[in-house]
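Please open the model in your viewer and set it to a cartoon view, with side chains ready to be switched on as the tour proceeds.

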Amino acid sequence: MSAEIINLRMARKQKKREDKDKTAEDNRRKYGRSKAERDAARQRRETLEAHVDGHLLEKPDGLSAEHSGSETSDTDKSALESSGQNLQVPKPSGNGD
């Protein structure tokens, strides 16, 4: 009648892993959302953002496809540089002539 010999260090580590797994499972149940829930929330958020953006009176900078007058964006500048065109924009004279 001999008892089963176990390594206490390994038994402690196994117990710690089991406790950690149980805590993780409890947290998933408590705080986690399923992929379907996350996708539904993302789709709802995008729909609401599109709805609000569609009712804006003026588009904020960056959303409009048009550029006004002398404003030149970084992408426009890089396109002009690659095409070899001049980037100099005439400055208005400040002496009132």
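The tour goes from the whole chain to single pairs of side chains.

**The whole chain.** Begin with everything selected, keeping in mind that this is a predicted model. The secondary structure comes to three helices and zero strands, and along the sequence these follow the pattern α-α-α. If you switch to a surface view, the chain exposes about 9,800 Å², of which carbon and sulfur atoms supply 51%. Of the 97 residues, 0% count as buried.

**A positive patch.** Select R9, R12, K13, K16, R17 and K20, which gather in a patch of positive charge on the surface. One of these residues, K16, has its place in helix α1, which covers residues 8-31. K16 counts as exposed because its relative accessible area, 64%, lies over the 50% cut-off.

**K15 and D19.** Stay on helix α1, where K15 and D19 both lie, four residues apart, or about one turn of the helix. Show the two side chains, which meet in a salt bridge with an N to O distance of 3.3 Å. K15 counts as partly exposed at 48% relative accessibility, and D19 is likewise partly exposed, with a relative accessible area of 37%. The structure holds five salt bridges, and further examples come next.

**E25 and R29.** Move on to E25 and R29, whose salt bridge brings the closest N and O atoms to 2.5 Å apart. These two residues are separated by about one helical turn because they stand four residues apart in helix α1. Which of the categories, exposed or partly exposed, applies to R29? R29 is exposed, with a relative accessible area of 59%, whereas E25, at 38% relative accessibility, counts as partly exposed.

**R42 and E46.** Now select helix α2, residues 35-54, where R42 and E46 both lie, four residues apart, about one turn of the helix. A salt bridge links E46 with R42, the closest N and O atoms being 3.4 Å apart. E46 counts as partly exposed at 41% relative accessibility, and R42 is also partly exposed, with a relative accessible area of 37%.

**A network of salt bridges.** To finish, select K22, E25, D26 and R29 together, since salt bridges that share partners join these four residues into one network. The pair of E25 and R29 visited earlier, with its salt bridge, can be found again within this selection.

Notes
Residues numbered from 1 in each chain as written. Predicted model: local features only at pLDDT ≥ 70, side-chain atom pairs only at ≥ 80, totals over all residues. Heavy atoms only, no water. Patch = residues over 30% accessible without salt bridge, like charges linked within 9 Å, V, L, I, M, F, W, Y side chains within 5 Å. Areas by Shrake-Rupley, 256 points an atom, 1.4 Å probe, with all protein chains shown as cover. Lys, Arg positive; Asp, Glu negative; His and termini not counted. Charge placed at Lys NZ, Arg CZ, Asp CG, Glu CD. Buried < 20%, exposed > 50% of the residue type's maximum accessible area, 1.4 Å probe, protein only.
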